Amino acid sequence: MLTAQNETTKLDLSGIRTQFPSLAQTVNGHPAIFLDGPGGKQVPQRVIDAIRHYLSRDNANSGGNYETARRTDKMLLEARHAMADFLGCDWDEIAFGQNMTSLTFAMSRAIGRELKAGDEIVLTCLDHDANFAPWKALEERGVVIRVAEIHEADCTLDMADLAGKINSRTKVVAVGLASNAVGTINDVAEVTRLAHKVGALSYIDAVHYAPHGPIDVRAIDCDFLVCSAYKFFGPHMGVMYGKREHLQRLTPYKVRPATNDSPQRWEVGTLNHECIAGITECVNYLADLGRSLDASAATRRQAVLAAMKEIQLYERGLAEQLISGLLKIRGLMFYGITDPSRFAQRCPTVAVRVDGHTPAELASQLNDRGIFTWDGNYYAINLSERLGVESSGGFLRIGLAHYNTANEVETLLKTLREIV
Ligand SMILES: Cc1ncc(COP(=O)(O)O)c(C=O)c1O
């Protein structure tokens, strides 16, 4: 069954899917259906090739005066340019790291150096713990953590509560662009405006949002924004955008001989060069997708935006099909926005529970039929506690990506109906 949006999408689904080799797998004789995207996306062949190419031709440490080291430096610079095009900033505002969590711990420690007892940080109970625990750790310096509430009925952030928690003592406001558990998209431009009004920094976790829509850090005006390439069709690596002035002024914890140039001063130790080569290629994958949709896209940035806008549109159609089908299943509890007219406020990631079945049982039975979903709290532990599901297995999470199809959604719905 296809929804109206899916029939009219400009995305060439079969052309896209053939680029992702893992999508062709079968499990127990069933075609594998990857609805585990919020935990990590599949990667196109060209990303795999770029990683192999780096290791087989350019493999070296950076900063050496010989051919492969020079190629490595060139590759690193190209990757910064690629991520700058993805996020809408300059290349020297991009730092790479092991993952978003370690980059955030590094930045919270660096910012924490400047904080004193009584300073406040505002967090939310909607967020992944990677944008919570690194800030909460600063309590040992006497920093006060304030946690913004949600509206339980639709799992949206309570902006009035958040605004009420920001005051002249607030130094950082750390919020997710989208929830990896229930899909809610937050108005991070407004959060940033509220933070800046009192002179606080805004730190945005875009890990969940990045594969689902365009990002413009200048429009958001955030001070930092972090994401992870493995969620947007690349390898397992984290990426941090920081406003140039902050990356230059703040003091990172680093070894003494390592450069003090920015942004490299934020990259502790030797990086995963082969994966960084893969990051450039995954941005190029999106850009080529964008060019195939909009021949007038003159720059890579414009091409990436064209791709992300079409992906967003397509995924909204799929989400409508998924959510309306789920809501018809007897005994199913749904957490988050269900009204299609509000889908601009959500990603195609849904959290459900079904009476009489634990989320782990459901995930395991779906797996037996080739369907990959996640169960538990996915580290959004404040939310699973807040909604009272932590002690009973959390949620079943179903996440869509642009390589998923209406037929896959239909198979999921049919299989879930059979199981329950
Ligand atoms: C919303 C969100 N933030 C942060 C993280 C942590 O990212 P990383 O695995 O790169 O540390 C995740 C991982 O699932 C996530 O979904």
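Helices (H or I, at least four residues) and strands (E, at least two) are DSSP runs, numbered from the N terminus. In these terms, F20 lies in the loop between α2 (13-18) and β1 (26-27). The model in every view is predicted.

**View 1. Seven strands form an open sheet.** The strand order is β4-β12-β11-β10-β9-β5-β6, and the pairing is mixed. β4 (94-97) and β6 (144-148) stand at the edges. Each of these two has a single partner strand, so one side of each is left without a neighbour in the sheet. From one strand to the next, the twist averages 20 degrees.

**View 2. Strands β5 and β9 run parallel.** Strands of a sheet pair through backbone hydrogen bonds, either parallel or antiparallel. Here β5 covers residues 120-124 and β9 covers residues 170-176. Three bridges join the two strands. Find I121 in this view: V172 of β9 stands opposite.

**View 3. Helices α4 and α5 lie across strands of the sheet.** Helix α4 spans residues 67-87. It lies across β4, β11 (224-228) and β12 (238-242). Its direction is at about 110 degrees to β4. Helix α5 spans residues 100-112. This helix lies across β4, β9, β10 (201-205), β11 and β12. Relative to β11, α5 runs at about 155 degrees.

**View 4. F20, F233, Y285 and Y403 form one aromatic cluster.** The structure has eleven aromatic pairs by the ring-centre rule. One of them joins F233 and Y285 edge-to-face. Their ring centres are 6.4 Å apart, with 65 degrees between the planes. The pair links distant parts of the chain, 52 residues apart. F233 sits in the loop between β11 and β12, and Y285 in helix α11 (residues 273-293). Both residues are buried: F233 has 0% relative accessibility, and Y285 has 2%. F233 also has a positive phi of about 80 degrees, although it is not a glycine.

**View 5. F20 is buried in its loop.** The relative accessible area of F20 is 1%. Which residues does F20 contact, leaving aside its neighbours within four places in sequence? They are Q42, V43, P44, F233, Y285, H402 and Y403. F233, Y285 and Y403 from this list share the aromatic cluster with F20. Q45 is 25 residues from F20 along the chain, yet their C-alpha atoms are separated by 5.9 Å.

**View 6. Y335 and F395 form an edge-to-face pair.** The ring centres are 5.0 Å apart and the planes stand at 70 degrees, so the pair is edge-to-face. Y335 belongs to strand β13 (residues 332-335), and F395 to strand β17 (residues 395-399). The two are 60 residues apart, so the contact links distant parts of the chain. Y335 is buried, with a relative accessible area of 14%. F395 is buried too, at 0%.

**View 7. Two arginines lie over tyrosine rings.** R113 lies over the face of Y253, at 3.8 Å from the ring centre. R397 lies over the face of Y378, at 4.1 Å from the ring centre.

**View 8. The structure holds zero disulfides.** A disulfide is a covalent bond between the sulfur atoms of two cysteines. The cut-off applied here is 2.5 Å between the sulfurs. Why does C222 form no such bond? Its closest cysteine sulfur, in C89, is 9.2 Å away, too far for a bond. C222 is buried, at 0% relative accessibility. For C275, the closest cysteine sulfur is in C282, at 11 Å, again too far for a bond. C275 is buried, with a relative accessible area of 12%.

**View 9. Q312 of helix α12 is buried.** Helix α12 covers residues 300-327. Q312 has a relative accessible area of 17%. Leaving aside neighbours within four places in sequence, Q312 contacts Y209, H212, G213 and P214.

**View 10. Backbone details mark two loops.** The peptide bond from S262 to P263 is cis, with omega near 10 degrees. P263 is in the loop between α10 (244-249) and α11. Y379 is in the loop between β16 (374-376) and α14 (381-386). Its phi is positive, about 70 degrees, although Y379 is not a glycine. Is Y379 buried or exposed? Y379 counts as exposed, at 58% relative accessibility.

Notes:
Residues are numbered from 1 along each chain as its sequence is written. This is a predicted model: local features need pLDDT of at least 70, side-chain atom pairs count only at pLDDT 80 or more; totals for chains, interfaces and linings use all residues. Side-chain values use heavy atoms; hydrogens and water are left out. Two strands pair if DSSP finds at least two bridges between them. Axes are lines fitted to C-alpha atoms, for helices over the stretch in contact, and angles run from 0 to 180 degrees between N-to-C directions. Contact means heavy atoms within 4.5 Å. Buried means under 20% relative accessible area, exposed over 50%, partly exposed in between (1.4 Å probe, protein chains only). Rings of Phe, Tyr and Trp (its six-membered ring) pair if their centres lie within 6.5 Å; planes under 30 degrees apart count as stacked, over 60 as edge-to-face and the rest as tilted. A charge sits over a ring if NZ of Lys or CZ of Arg is within 6 Å of the ring centre and within 35 degrees of the ring normal.
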